[in-house]
Amino acid sequence: MFDLDLTQPEPIPAAGIDEAVSLMQSGRLFRYNGDAAVRLEVAFAELTGSKHALAVNSGGSSIFLSLIAAGVQPGDTVLLGGFTLAPVPGAIVHAGARPILVDVTEDLVIDTDDLRAKADQARFFLLSHMRGHISNMAEIMAIAAEFDLIVIEDCAHTLGATWDGKASGTFGIAGCYSLQTYKHLNCGEGGVLVTDDADLAARAIIHSGSYMHYQHHQARPPLEVFERWRAITPNYSMRLTNLAAALALPQIPLLAERAERMNRAYNHLATRLRSLAGVRVPKRDPREAFIGSSIQFFPTASRSQLQEFTQRCADAGLPLGWFGRERMEGFTSRPAQWDYLQERELPETEDILANLMDLRIPPAMTIDHCDAAVDIINTALTAVRERP
Ligand SMILES: *Cc1c(COP(=O)(O)O)cnc(C)c1O
């Protein structure tokens, strides 16, 4: 039996617990009645090298706000890769817009040929660095420049990651982060939007529910920018609480060490999984400095064999996400299952996702855990392949 609970997060540092307790004693939980959320924004701007940052109540909210503050209007189209998490197409629909789905490659990055082919169908490209896979940013930004696309990056799994030395989240007009429990910083629920664009920042701050307290922000543009937007920007009340910000703040200095532990596990898992017959692990571009908070692999097997394979792994205590499941389950879904979309056909990506397995890598996962996981995977795969 596998003896690590892959859903077990790291504990909240003592400094976060202490500040949370004193915040509760003071009652100053609302972000405009204290400064923890403001400090988190300043820290994020610094961490990502961005001019402005806005803390909100979820990663999905940070994407929604980026879209509308970048100018997405009801009825607009937004390009989106077909390998992503449900809140990403959800944010586009929330903005009243419609995704134009783009293929991903078997290495789980954007298929730049398909992006180029569809680039004239939208003004916006929501680039989701799903499961931490960063696409070829040089090529993507060249396509964006050629077709005048506004790029927004979903960095839920790339906080601290770079491509060719540049921080993910700083290529497009805005970068969006999640502070939900399964991400690199955990305060239960939360999100952060970063941008260098003054108008986008001011609009997002007012939309997020600043009331007329936006001057209270520090990682914000000058007040005159808000004058342009204050009367014409509705309040959608998507604020982060000071309590959540206080829990996230002292985790920032721990990010690098957490990433090191996860990457050690990732590299070990990747080497061992690649050594198994009929298992493919996506290749990673040497320019990508990623955070290995999960690993993806593709066993060659039939649908019914994969069904039994995931069941055997789960029975051995190793839950795997499988993107090819008949019905959406847990966190994994694929475009064909987003029935709320009219256009969701993406046959090449569906073929790739049909065999895609996902294994979460919490920072607590040791090399011994990795070996145990690969042994379970190998045993299960061998067993199901022996069947006709
Ligand atoms: C977690 C996640 C989000 C945002 O999720 P929330 O639950 O809304 O914070 C967005 N994109 C990806 C790829 C994610 O993994």
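How far is a nitrogen atom of the ligand from an N or O atom in the side chain of aspartate 154? In this predicted model, the separation between the two atoms is 2.7 Å. Two further side chains approach the ligand through its oxygen atoms. An N or O atom in the side chain of glutamine 180 lies 3.0 Å from an oxygen atom of the ligand, and for the side chain of histidine 157 the corresponding distance to a ligand oxygen atom is 3.4 Å. The ligand taken alone exposes 380 Å², of which 92% is buried by the protein. Helix 3 (59–69) and helix 4 (87–94) are the elements that give two or more residues to the surrounding shell. There are 14 residues around the ligand, and those that come nearest are Gly59, Gly60, Asp154, Ser178 and Lys183. Sorted by class, the shell consists of five nonpolar, seven polar and two charged residues.

Two residues that come nearest to the ligand, Gly59 and Ser178, are also in contact with glycine 191. Glycine 191 belongs to strand 9, which covers residues 191–195. Its relative accessible area is 0%, so glycine 191 is classed as buried, the limit for that class being under 20%. Contacts of glycine 191 beyond four places in sequence include Leu54, Ala55, Val56, Asn57 and Ser58, as well as Tyr177 and Leu179. Ser62 is another of these contacts; the C-alpha atoms of serine 62 and glycine 191 are separated by 5.7 Å, although the two residues are 129 residues apart along the chain.

A second glycine was examined in helix 1 (residues 14–26), where glycine 16 is located. Glycine 16 is likewise buried, with a relative accessible area of 0%. Apart from residues up to four places away in sequence, glycine 16 touches Ala246, Leu247 and Pro250. Between glycine 16 and proline 250 there are 5.9 Å from C-alpha to C-alpha, against a sequence separation of 234 residues.

In soluble globular proteins, nonpolar side chains tend to be buried together. The largest nonpolar core of the model contains 66 residues, and the members that touch the most others are Phe309, Leu318 and Met365. Helix 13 (residues 367–385) supplies the largest share of this core, namely eight residues. Apart from this core lies another one of 37 residues, which includes Val56, Phe124, Leu126 and Ala202. Val56 is also one of the residues that glycine 191 touches. In the largest core, leucine 318 is in contact with Phe2, Leu6, Cys313, Leu359, Ala373, Ile376 and Ile377, once its neighbours within four places in sequence are set aside.

The backbone was also considered. Most residues other than glycine have a negative phi. Aspartate 164, which is not a glycine, has a positive phi of about 55°. Aspartate 164 is placed in the loop between strand 6 (162–163) and strand 7 (166–167). With a relative accessible area of 54%, aspartate 164 counts as exposed, because the limit for that class is over 50%. Serine 237 also shows a positive phi, of about 45°, without being a glycine. The loop that holds serine 237 runs between helix 8 (223–229) and helix 9 (242–248). The relative accessible area of serine 237 is 37%, and this residue is therefore partly exposed.

Technical notes. Residues are numbered from 1 along each chain as its sequence is written. This is a predicted model: local features need pLDDT of at least 70, side-chain atom pairs count only at pLDDT 80 or more; totals for chains, interfaces and linings use all residues. Side-chain values use heavy atoms; hydrogens and water are left out. Helices (H or I, at least four residues) and strands (E, at least two) are DSSP runs, numbered from the N terminus. Buried means under 20% relative accessible area, exposed over 50%, partly exposed in between (1.4 Å probe, protein chains only). Contact means heavy atoms within 4.5 Å. A nonpolar core is a set of buried Ala, Val, Leu, Ile, Met, Phe, Trp, Tyr and Cys residues joined through side-chain atoms within 4.5 Å. A residue is near a molecule or strand if one of its heavy atoms lies within 4 Å of it. A polar contact is a pair of N or O atoms within 3.5 Å; within protein, one must be able to donate a hydrogen and the other to accept it, and residues adjacent in sequence count only if both atoms are side-chain atoms. Accessible areas come from the Shrake-Rupley method with a 1.4 Å probe; for residues, only the protein chains shown count as cover. Ala, Val, Leu, Ile, Met, Phe, Trp, Tyr, Cys and Pro count as nonpolar, Asp, Glu, Lys and Arg as charged, and the others, Gly among them, as polar.
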